[in-house]
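Hi,

Here is the structure I promised to pass on. Have a look at it first, and my notes follow underneath.

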Amino acid sequence: MNYIKHLNATFHIFYDDSRLHNGHISLYMALFFYWNLHHFPDEFYANRIEIMKMSKIGSRSTYHRLIKDLSDWEYIEYQPTQNPTQKTMVRLSQFCTSSSAETGLTGTLMERYCPKNVPLSLYNKQQKQSKLSQKRKPKNELAVINFFKSKNWQSMDALKFYNHYQGVGWKIGGKVQIEDWMAIAENWMLKANEIRKNPTLKFVPQNEDYLITNNQKNYGEPL
């Protein structure tokens, strides 16, 4: 018995079975846990009290209904007994017993057992979110310093950039979420270059919510 292959195959079947709800799955996983403890025998003793506690099923009638469903749907073979001297036995169906060499299956477990009608993005969601988060803001100030150095800029400029956007939550104008902090950093450098060439310019981070003017005006004068 291969623990991982069996569970992957079982979850694949779970996905396509609309009859199941959380109670069935919880009970099955509790039975699988005890099957594992017994080192995957053909059948094992099902202690109702322990299995109910493990699967978080509080009602005896619910337990019997769910285990009967699993048996009727051939996830398990339930062998109840009315004889107090005999034990109730359970046999779990083995959904994945052959090796890839025997079955001719190739590829990773995910490729073999992933339901085909599930969008790939469902499996890659967490990885994509992590990459998106890294793009929206740097891991730390060292990442910013290294990026600035790669563009032949000083560490002090990197710290100024980092401290500014760290203070506004990596948002433009304090409102709009940054999508690519490196692109914002390059704009910061371009603007800083303009200011160094023309000291009369005032530096304002990109898309701030106030106006930029290079002219000194007397607003006390009539229009």
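Leaving aside neighbours within four places in sequence, which residues is Leu31 in contact with? They are Phe44, Ile51, Leu70, Ile76, Val90 and Leu92. Before you read on, keep in mind that this is a predicted model.

The core around Leu31

Leu31 also turns up in the largest nonpolar core, which has 25 residues. Along with Leu27, Ile76, Val90 and Leu92, Leu31 touches the most other members of that core. Helix 1 (3-16), helix 2, helix 3, helix 4 (60-72), strand 2 and strand 3 each put in at least two residues. Helix 2 gives the most, with 7 residues. As background, nonpolar side chains in soluble globular proteins tend to be buried together.

Apart from this core there is another one, of 18 residues, and its members include Phe147, Ala185, Met189 and Ala192.

Helix 2 against helix 3

Helix 2 (residues 22-37) and helix 3 (residues 48-55) have axes that come within 8 Å and cross at roughly 125 degrees. Angles from 65 to 115 degrees would be roughly perpendicular and those over 145 roughly antiparallel, so helix 2 and helix 3 count as oblique to each other. Their crossing is right-handed. From helix 2, the contact uses Ser26, Leu27, Ala30, Leu31, Phe33 and Tyr34, while helix 3 brings Glu50, Ile51, Met54 and Ser55. Sorted by class, that contact has 7 nonpolar, 2 polar and 1 charged residues.

Helix 9 against helix 10

Further along the chain, helix 9 (residues 155-167) packs with helix 10 (residues 181-197) at an angle of about 120 degrees, their axes 11 Å apart. Helix 9 and helix 10 are oblique to each other, and helix 9 passes helix 10 in a right-handed crossing. On the helix 9 side you'll find Asp157, Lys160, Phe161, His164 and Tyr165, which meet Trp181, Ile184, Ala185, Trp188 and Arg196 in helix 10. Here the split is 6 nonpolar, 1 polar and 3 charged. Ala185 is in this contact and is also a member of the 18-residue core.

One loop residue

Last, take a look at Thr88, in the loop between strand 2 (76-79) and strand 3 (89-92). Is Thr88 buried or exposed? Its relative accessible area is 17%, and the cut-off for buried is under 20%, so Thr88 is buried. Not counting residues up to four places away in sequence, Thr88 touches Phe44, Tyr45, Ala46, Tyr78, Gln79, Pro80 and Thr81. Phe44 is a contact of Leu31 as well.

Cheers

Terms used: Residues numbered from 1 in each chain as written. Predicted model: local features only at pLDDT ≥ 70, side-chain atom pairs only at ≥ 80, totals over all residues. Heavy atoms only, no water. Helix = DSSP H or I, 4+ residues; strand = E, 2+ residues; numbered from the N terminus. Buried < 20%, exposed > 50% of the residue type's maximum accessible area, 1.4 Å probe, protein only. Contact = heavy atoms within 4.5 Å. Axes fitted to C-alpha atoms, helices over the stretch in contact; angles between N-to-C directions. Parallel < 35°, antiparallel > 145°, perpendicular 65-115°, else oblique. Left-handed = near helix turned anticlockwise from the far one by under 90°. Nonpolar A, V, L, I, M, F, W, Y, C, P; charged D, E, K, R; others polar. Core = buried A, V, L, I, M, F, W, Y, C linked by side-chain atoms within 4.5 Å.
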